[in-house]
Amino acid sequence: MTSRYGLEGRAAIVTGASRGIGRAVAEALAGAGARVCVSARDPDAVRRVAGELGGVGLAGSVADPAHLRELTELGLSALGRIDIVVNNAAANQPYGPLMDAAPDRWREAFTVNVEAPLRLVQCAWRAWMREHGGAVVNICTEGAAHVGPNVGAYGTSKAALLHLAQQLAGELAPKVRVNSVSPGLVRAGPLDALADRLIARAQPSNERTDDTALLLLRSTAVRGRGAV
Ligand SMILES: NC(=O)c1ccc[n+]([C@@H]2O[C@H](COP(=O)([O-])OP(=O)(O)OC[C@H]3O[C@@H](n4cnc5c(N)ncnc54)[C@H](OP(=O)(O)O)[C@@H]3O)[C@@H](O)[C@H]2O)c1
């Protein structure tokens, strides 16, 4: 049976897919007919999830540019294409007042939450999407729009990730749709609904340029930016 998302035969890379939101999204993508290439640091968990979802996986940190290159190469060689990238892996440290934030930990938050998503999109763009199109979803957070005690590094880096999605949406349209999803606090229960919402945004654009234009236009009208 064809799924309503039209993802049969598509291939997706999902970072931070060994548990939580990333696992739920990878499972939902696989359930919608896509083949998945998953990543996280724990090799046992990556092997288990890749096996359960009938996909492939590679253990490593998204903070390591070599891991992102190898992940892209694995996706392309094992799945034959890279239609979808879901940037989900994140660092929520350093936790605490910014006046106490150690520069190295602050930098790590930006390396994982902002630099790695850009690097992975660059890899996927060069390897597949520039020619064939695709879709990118960055998992942001509702907190990117608010300030709060002790989460300054996380919130600031996620706000940068949100801006990155908006910037990339403009630069890569109409070939590649770039969106972000900003969940509130997620516990196990709402994961299915979130994953459902997310894969609706992960539909590649190459056969849907009209939808892409409409989506971006609507978004531009509302927010003055090229992403939702
Ligand atoms: N849960 C929430 O309430 C909530 C709310 C708003 C936004 N979010 C966002 O949703 C995303 C997922 O959150 P979650 O709560 O599902 O997280 P989680 O349950 O802690 O899972 C995080 C996943 O990312 C992997 N990971 C962490 N650091 C990594 C790194 N440096 N390189 C590669 N993989 C890494 C983890 O595996 P390893 O440890 O093995 O690497 C794991 O698979 C994040 O972007 C988060 O900011 C979550």
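Trainee: How do the residues of the shell around the ligand divide into nonpolar, polar and charged?

Mentor: First, keep in mind that this is a predicted model: local features need pLDDT (the predictor's confidence in each residue, from 0 to 100) of at least 70, side-chain atom pairs count only at pLDDT 80 or more, and totals for chains, interfaces and linings use all residues. Residues are numbered from 1 along each chain as its sequence is written. Ala, Val, Leu, Ile, Met, Phe, Trp, Tyr, Cys and Pro count as nonpolar, Asp, Glu, Lys and Arg as charged, and the others, Gly among them, as polar. On that basis the shell has 13 nonpolar, nine polar and three charged residues.

Trainee: Which elements give two or more residues to that shell?

Mentor: A residue is near the ligand if its C-beta atom, placed from the backbone, lies within 6 Å of it. That brings in 25 residues, the closest being G16, G20, R41, D42 and A90. The elements giving two or more are helix 1 (20-31) and strand 2 (35-40).

Trainee: And which one gives the largest share?

Mentor: Helices (H or I, at least four residues) and strands (E, at least two) are DSSP runs, numbered from the N terminus. With three residues, the biggest contribution to the shell comes from helix 1.

Trainee: Is R23 buried or exposed?

Mentor: R23 sits in helix 1, and beyond its neighbours within four places in sequence it contacts A17, S18 and V49 (contact: C-beta atoms, placed from the backbone, within 7 Å). A residue is buried if 20 or more other C-beta atoms lie within 10 Å of its own, exposed if 12 or fewer, and partly exposed in between. R23 has 22 such neighbours, so it counts as buried.

Trainee: In what order do the elements of the chain run?

Mentor: There are seven helices and six strands to place. Reading from the N terminus, you get β-α-β-α-β-α-β-α-β-α-β-α-α.

Trainee: Which helix gives the most to the largest nonpolar core?

Mentor: A nonpolar core is a set of buried Ala, Val, Leu, Ile, Met, Phe, Trp, Tyr and Cys residues joined through C-beta atoms within 7 Å. This one has 64 residues, and A12, V14, A26, L29, V36 and A124 touch the most other members. The top contributor, with 11 residues from 103-132, is helix 4.

Trainee: Where is the kink in helix 4 centred?

Mentor: The bend at a residue is the angle between axes fitted to the seven residues ending there and the seven starting there. Here the kink is about 65°, centred on W125.

Trainee: Which residue comes before P174 in a cis peptide bond?

Mentor: Find P174 in the loop between helix 5 (152-172) and strand 6 (176-181). Its cis bond, with omega near 0°, starts from A173.

Trainee: What is phi of N150 near?

Mentor: Look in the loop between strand 5 (134-139) and helix 5. N150 has 13 other C-beta atoms within 10 Å, so it is partly exposed. N150 isn't a glycine, yet its phi is positive, near 75°.

Trainee: Over which residues is the pLDDT below 50?

Mentor: The chain averages a pLDDT of 86, and 80% of the residues score at least 70. One stretch, with 31 contacts in the model beyond near neighbours in sequence, falls below 50: residues 206-228.

Note on methods: Two residues are in contact if their C-beta atoms, placed from the backbone, lie within 7 Å.
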